[in-house]
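Me: I'd like a close look at a single part of this one, with a bit of the surroundings for context. Keep it informal, but do walk me through the details.

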Amino acid sequence: MNQSDNLTPVASALQINPVVFDELSFHREGFENEGTNVQTNLGVTKQVIKLSDGKYRVIVLVTATRKDEYVAKVQISGFCSIDESLENKDALLNSNAVAILFAYVRSQLTLLTAQPGTTPIVLPVVNIVKMIENFEETNNS
């Protein structure tokens, strides 16, 4: 008998289906300047939109800009189902759903920026919720 035979599946309180990319764009403004230390500026935003009781759309947008080189954007939406009576509903939508979606964004941003003549962006695994909070605080100041 296998240990997995004794496991009972546990339904998640948060279901995300479907997950879709809303925007994938790469706009070249120039070419990589070798020998210079050009910084990549990242902008990350999230939005949670209530569609109906227990149905939400969670949107994550990442914009990567390299001055005089390019602007790349990746926007993803996850359509979520969740029990409205859950006490931690907002945390699940604003933290867990965003973290799940961000994994897809990281991968797609690397693919999008892996263009000839550019250095691809490989975002590290980060606490995306904290990162977004920091961006929001900076932009609201």
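Which residues of helix α1 are buried?

Reply: Before the list, a quick caveat: this is a predicted model. The average pLDDT of the protein is 87, and 84% of the residues score at least 70. Confidence peaks in strand β4 (residues 70-82), with a mean of 97, and bottoms out in helix α2 (residues 128-140), with a mean of 67.

Now the buried set. In α1 it consists of K89, L92, L93, A97, V98, L101, F102, V105, Q108, L109, L112 and T113. An α-helix has 3.6 residues a turn, so residues three or four places apart point the same way. Keep that in mind as you step through the list. For the wider picture, 30% of the protein's 141 residues count as buried.

Where does the helix sit in the fold? Reading along the sequence you get β-β-β-β-α-α, that is, 4 strands and 2 helices. Helix α1 itself covers residues 89-113, which makes 25 residues. From its first C-alpha to its last it reaches 35 Å, close to the 36 Å expected at 1.5 Å a residue. There is still a kink in α1, though: about 30 degrees, centred on V98.

V98 deserves a stop of its own. This valine belongs to helix α1, and V98 counts as buried because its relative accessibility is 0%. If you want a spatial reference for V98, try S77: the two are 21 residues apart in sequence, and their C-alpha atoms are 9.5 Å apart in space.

Next, the start of the helix, where the charges come in. K89 is on the buried list, and it earns that label because its relative accessible area is 13%, with the cut-off for buried being under 20%. K89 has a salt bridge with E84, at 3.2 Å from N to O. E84 has a relative accessible area of 27%, so E84 is partly exposed. K89 also meets D90 in a salt bridge, this time at 3.9 Å, N to O. D90 is at 48% relative accessibility, so D90 counts as partly exposed too. Follow the shared partners and K50, D53, E84, K89 and D90 all end up in one network of salt bridges. Within that network, D53 and K50 form a salt bridge whose closest N and O atoms are 3.3 Å apart. As for cover, D53 counts as exposed because it reaches 64% relative accessibility, while K50 counts as partly exposed because its value is 45%. The salt-bridge count comes to 6.

The helix has an outward-looking story as well. I100 and Y104 join V19, F21 and L24 in a nonpolar surface patch of about 420 Å². The elements that give two or more residues to this patch are β1 (14-28) and α1, and β1 gives the most, with 3 residues. Take L24 as an example from the strand side: L24 is in strand β1, and it counts as partly exposed because its relative accessibility is 43%.

While you're at that strand, check its backbone. The peptide bond from N17 to P18 is cis, with omega near 5 degrees, and P18 lies in strand β1. There's another backbone detail to look up at D68, which has a positive phi of about 65 degrees although it is not a glycine. D68 lies in the loop between β3 (55-66) and β4, and it counts as partly exposed because its relative accessibility is 47%.

To pull the helix together: α1 has a kink centred on V98, a salt-bridged lysine in K89, and a share in the nonpolar patch alongside β1.

Terms used
Residues numbered from 1 in each chain as written. Predicted model: local features only at pLDDT ≥ 70, side-chain atom pairs only at ≥ 80, totals over all residues. Heavy atoms only, no water. Expected span 1.5 Å × (residues − 1). Bend = angle between axes of the 7 residues up to and from the residue. Buried < 20%, exposed > 50% of the residue type's maximum accessible area, 1.4 Å probe, protein only. Patch = residues over 30% accessible without salt bridge, like charges linked within 9 Å, V, L, I, M, F, W, Y side chains within 5 Å. Areas by Shrake-Rupley, 256 points an atom, 1.4 Å probe, with all protein chains shown as cover. Salt bridge = Lys/Arg side-chain N within 4 Å of Asp/Glu carboxyl O. pLDDT = per-residue confidence, 0-100.
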